[in-house]
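This briefing sets out selected computed features of one protein chain for use at the workstation. Please consult the sequence and the coordinates alongside the points that follow.

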Amino acid sequence: MRTILITGPGGSGRTTVAAATALRAAGAGTRTLVLSGDRTDALGAALGTPTGSDPRSAAPGLTAWRPDPAARFRDDLTAFQDRATGVLDLLGAARLDPEEVTPLPGAEELSLLRALRDAALAERHDLLVVDLPPAPRALDLLALPEELRRYLRRLLPPERQAARALRPVLGRLAGVPMPAEWLYETAARWDVELAAVEAVVRDRATTVRLVAEPGPAGTDAVHTTALGLALHGLRTDALVANRVLPETGPETWPTGLLAQQRKALADWRQSYDVRPVAHLGRDPRGADDLAALAVPGVDAAPDPVEWPVTDRIAEDGVLVWHLPLPGAIRDDLDLVRRGDELVVTAGPFRRIVPLPSALRRCTVAGAALRDGALRIRFAPDPQLWPRER
């Protein structure tokens, strides 16, 4: 299934573009689902038909869905209380009734990720269009599955589950109760769910489509967002320049605004596949207005983002890890080696990535940023590297 994740700076019209993209695909005969995590029904306003917690038809071949994070959060908390009854009774804690539960911060993001996973696994549609939150919240959302899985592996390593039979004995020896079986089972279930979400986000057929209004603010937001996407290995298939004013039009349009848009578009075309969408002179509402927007169609997904390791031991005595980071600035980059992981900071973003197996037996010998790619040199550690006979 092809998946298009749509985001952009706040106020850029990303929800309208998502609705128009889904409507165009459905009109071409593609079974399409458009998904939104907004609390307010901005998606329904754009489509001209209300959306809600249950998927519903918005047009021939088009289904719209806006999952309810509160309901999912209540279900999860109820299930957790049922499984942790013994611990809660031991602590003398009072259970919460579903009616008094309100979603905590982050519940909307988790609900949207689960809906994304469920829609992909259902295989009822050929195209999934996801109206993500504004950037950079969207970047935090897309990075969440990988980060949570890393936390689970550190806090509850799967290897410890092999000692289940010894846990009561270890508990008596240590004098403190060991983690209960349900805790490991819950962690394993969460890991499976997060892995399914991560698989959808990083699938070869999944891309991110940026939406921005050409101008100084839009240019800064696009540059920052593109860097964050590159750091997380996510592909951008197009940059939708929204609300572009025509060269000739009403005299009331400020000439300064036209000049700003021209400059931004010229800059963007040097680095991105720019798809201009004209300003209608009003806020698009309903199928007719959405059809008038010349949003890009659903093209084939570009090639995956690769972080290759080049063997230059014979020439320079090092292995070189190539990390494509277009738009990165040398002064805003930072690298820290932590065991078998590398902490990479680029601008306001940070990612902790496991080292490829060959590089784990090496020491960092230096790094350089050139032509939009960070090249990290690793020298083989004589004590760990296999010796030639």
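The chain has 12 helices and 15 strands. The model is a predicted one. Of the 389 residues in the chain, 43% are buried.

**Overall fold and surface**

- Among contacts in the chain with a separation of 6 or more, 68% are between residues 24 or more positions apart.
- The chain has an accessible surface of about 20500 Å², and carbon and sulfur atoms contribute 54% of that surface.

**Aromatic cluster**

- Searching the whole structure yields 2 aromatic pairs.
- One of these pairs consists of W307 and W321 in an edge-to-face arrangement, with 5.9 Å centre to centre and 70 degrees between the planes.
- This pair joins distant parts of the chain, 14 residues apart: W307 is in the loop between α11 (286–291) and β9 (309–312), while W321 belongs to strand β10 (residues 318–324).
- Both W307 and W321 are buried.
- W321 also pairs with F378; the ring centres are 6.5 Å apart and the planes lie at 55 degrees, so this pair is classed as tilted.
- Because W321 is in strand β10 and F378 is in strand β15 (residues 373–380), the pair ties together parts that are 57 residues apart in sequence.
- F378 is buried, as is W321.
- W307, W321 and F378 together make up one aromatic cluster.

**Surroundings of T51**

- T51 is located in the loop that runs between α2 (42–47) and β3 (56–59).
- The relative accessible area of T51 is 5%; T51 therefore counts as buried, the cut-off being under 20%.
- A polar contact of 2.5 Å connects the side chain of T51 with the side chain of D41.
- Leaving aside residues up to four places away in sequence, T51 touches D41, L43, G44, R56, A64 and R66.

**Helix α9**

- Helix α9 covers residues 216–231, which is 16 residues.
- At 1.5 Å a residue, α9 should span 22 Å, and the 23 Å between its end C-alpha atoms agrees with that expectation.
- The expected value follows because the rise is multiplied by one less than the number of residues.
- Buried positions in α9 are G218, A221, V222, T225, A226, L227, G228, L229, A230 and L231.
- G233 follows α9 and has a positive phi, near 70 degrees.

Key: Residues are numbered from 1 along each chain as its sequence is written. This is a predicted model: local features need pLDDT of at least 70, side-chain atom pairs count only at pLDDT 80 or more; totals for chains, interfaces and linings use all residues. Side-chain values use heavy atoms; hydrogens and water are left out. Helices (H or I, at least four residues) and strands (E, at least two) are DSSP runs, numbered from the N terminus. Buried means under 20% relative accessible area, exposed over 50%, partly exposed in between (1.4 Å probe, protein chains only). A polar contact is a pair of N or O atoms within 3.5 Å; within protein, one must be able to donate a hydrogen and the other to accept it, and residues adjacent in sequence count only if both atoms are side-chain atoms. Contact means heavy atoms within 4.5 Å. Accessible areas come from the Shrake-Rupley method with a 1.4 Å probe; for residues, only the protein chains shown count as cover. Rings of Phe, Tyr and Trp (its six-membered ring) pair if their centres lie within 6.5 Å; planes under 30 degrees apart count as stacked, over 60 as edge-to-face and the rest as tilted.
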